[in-house]
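Subject: Structure for your review

Dear colleague,

Please find below the structure that I am handing over to you. My findings on its internal spaces and its cysteines follow directly after it.

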Amino acid sequence: MEKRLFTSECVTNGHPDKVADSISDAILDACLAQDPKSRVACETMVTTNFCLICGEITTTAQVDYAAVAREAIREIGYVYAGDGFDADTVEIQCRIHTQSADIALGTNDEVGGAGDQGMMFGGACTQTPELMPLPVALARALCNRLTECIHSNDLLRADGKTQVSVEYDEDGNVVGIDTVVVSVMHSADFEIEELRKYIKAGVIAPVLEKYGFNIDNVPAIHINPTGNFVIGGPNGDTGLTGRKIIVDTYGGYFSHGGGAFSGKDPTKVDRSAAYMARYMAKNLVAAGLATQVQVQLAYAIGVAEPVSVRVDSYGTGKISDEDMTALLRKTCDLTPGGIIRKLDLRRPIYAPTAAVGHFGVDGRPWEQTDIADELKALAGI
């Protein structure tokens, strides 16, 4: 019989698209640090030794966007002149203008409406301690470990990606890990077979062990399967802000509304409402009301209250999905202003989110489970 597999991927912050995300979020943070009411929609493109920063920014902050971009590139690890993209020599151009006055009419503090229409999703499940699906949690953990190795080994470069296929039984329970894929850019001096041994022992084995799996029980492991990966980063592939939205969220395990996060201030519900949806889903699972939950929110531009709220517990709920939806309506202010206040989002907290996922990371405000006890009490279980 065909195995029941689900696969998710992740990329390091040196992946070209993530370089673009990191620059956009670094600029957002720089604006918010001086002016918490900054309106930012920043888009970045990177390619061979070139960076273009575009978008709409309305702020009182005085920010040198090019300097912020160079520092973000440097922190990622693009400091080697021979790699075709580095912080010191990259050409940077900026094309920034202010936010549309038409949009501002419905999203200013007096009106408090959503900055755009759209739907946002949040999910949580009991497959991992962080209440994330196992495939994306493993892929992200592999990327985190890979990044640590990149910063401690001069033979590795910042661009990398991982992928994990998890086998489930017919009831949705984890059976085991079927396939692990890791690819990482490297110096030409790092012989491929030595690199594969290094990644297998130093990256894959410890991450699988942390999650309770043994590398010897994984049927397929692929490390740099095409061989050399010397040409990479923005020199090997153009990067754009907002192209890794599945990596940013749940690895495809839960739905996605389509809106990207990076470079957007919290008045943009693409970002803030997706954070709130995760917060609500995680609290429902933490309260024991279900073992797997997806929350959908939807908004109309210029309208403060969501046009719809929906909970789907995939049949795992101890109370009905409708009752869970009613509990969320009762306990959470779902207007853009309410979300911003609850999660304290007008702060420079966004640059770290550009790397290896926005969810399942301790310390982020949308990862709190502070209303779980209240939800459980209201549900009467």
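The lining of the second largest cavity is made up of five nonpolar, three polar and two charged residues. Please note that this is a predicted model. The residues around this second cavity are Met132, Val136, Arg140, Val247, Asp248, Thr249, Val356, Gly357, His358 and Phe359. Two elements, α4 (134–152) and α6 (245–248), give two or more residues each to that lining. The space in the second largest cavity comes to about 30 Å³.

In total, two cavities of 30 Å³ or more were counted. The largest of them holds about 80 Å³ of space. Its lining consists of 13 residues, and those nearest the centre of the cavity are Phe121, His256, Gly257, Phe261 and Ala274. At least two lining residues are supplied by each of β5 (118–125) and α7 (269–286). The largest share, three residues, is that of β5. By class, the lining of the largest cavity has six nonpolar residues, six polar ones and one charged one.

The largest pocket encloses about 430 Å³ of space. It is lined by 21 residues, and Arg140, Ala141, Asn144, Lys210 and Tyr211 are the closest to its centre. Arg140 is also listed in the lining of the second largest cavity. Two or more residues of the pocket lining come from each of α4 and α5 (192–210). The greatest contribution is that of α4, which provides seven residues. The pocket lining comprises nine nonpolar, five polar and seven charged residues.

I turn now to the cysteines. How many disulfides does the model contain? The count is zero. A disulfide is a covalent bond between the sulfur atoms of two cysteines, and the cut-off applied here is a sulfur pair within 2.5 Å. For Cys54, the closest cysteine sulfur belongs to Cys42 and lies 8.2 Å away, which is too far for a bond. Cys332 is likewise in no disulfide, and the nearest cysteine sulfur, that of Cys125, is 20 Å away.

Are Cys54 and Cys332 buried or exposed? Cys54 has a relative accessible area of 24% and is therefore partly exposed. Cys332, at 11% relative accessibility, counts as buried, because buried means under 20% relative accessible area.

With kind regards

Note on methods. Residues numbered from 1 in each chain as written. Predicted model: local features only at pLDDT ≥ 70, side-chain atom pairs only at ≥ 80, totals over all residues. Heavy atoms only, no water. Buried < 20%, exposed > 50% of the residue type's maximum accessible area, 1.4 Å probe, protein only. 1 Å grid on protein atoms, 1.4 Å probe; cavity = no way out; pocket = protein on both sides within 12 Å on 5 of 7 lines; lining within 4 Å. Points joined across faces, edges and corners; volume = space filled by probe spheres on them. Helix = DSSP H or I, 4+ residues; strand = E, 2+ residues; numbered from the N terminus. Nonpolar A, V, L, I, M, F, W, Y, C, P; charged D, E, K, R; others polar.
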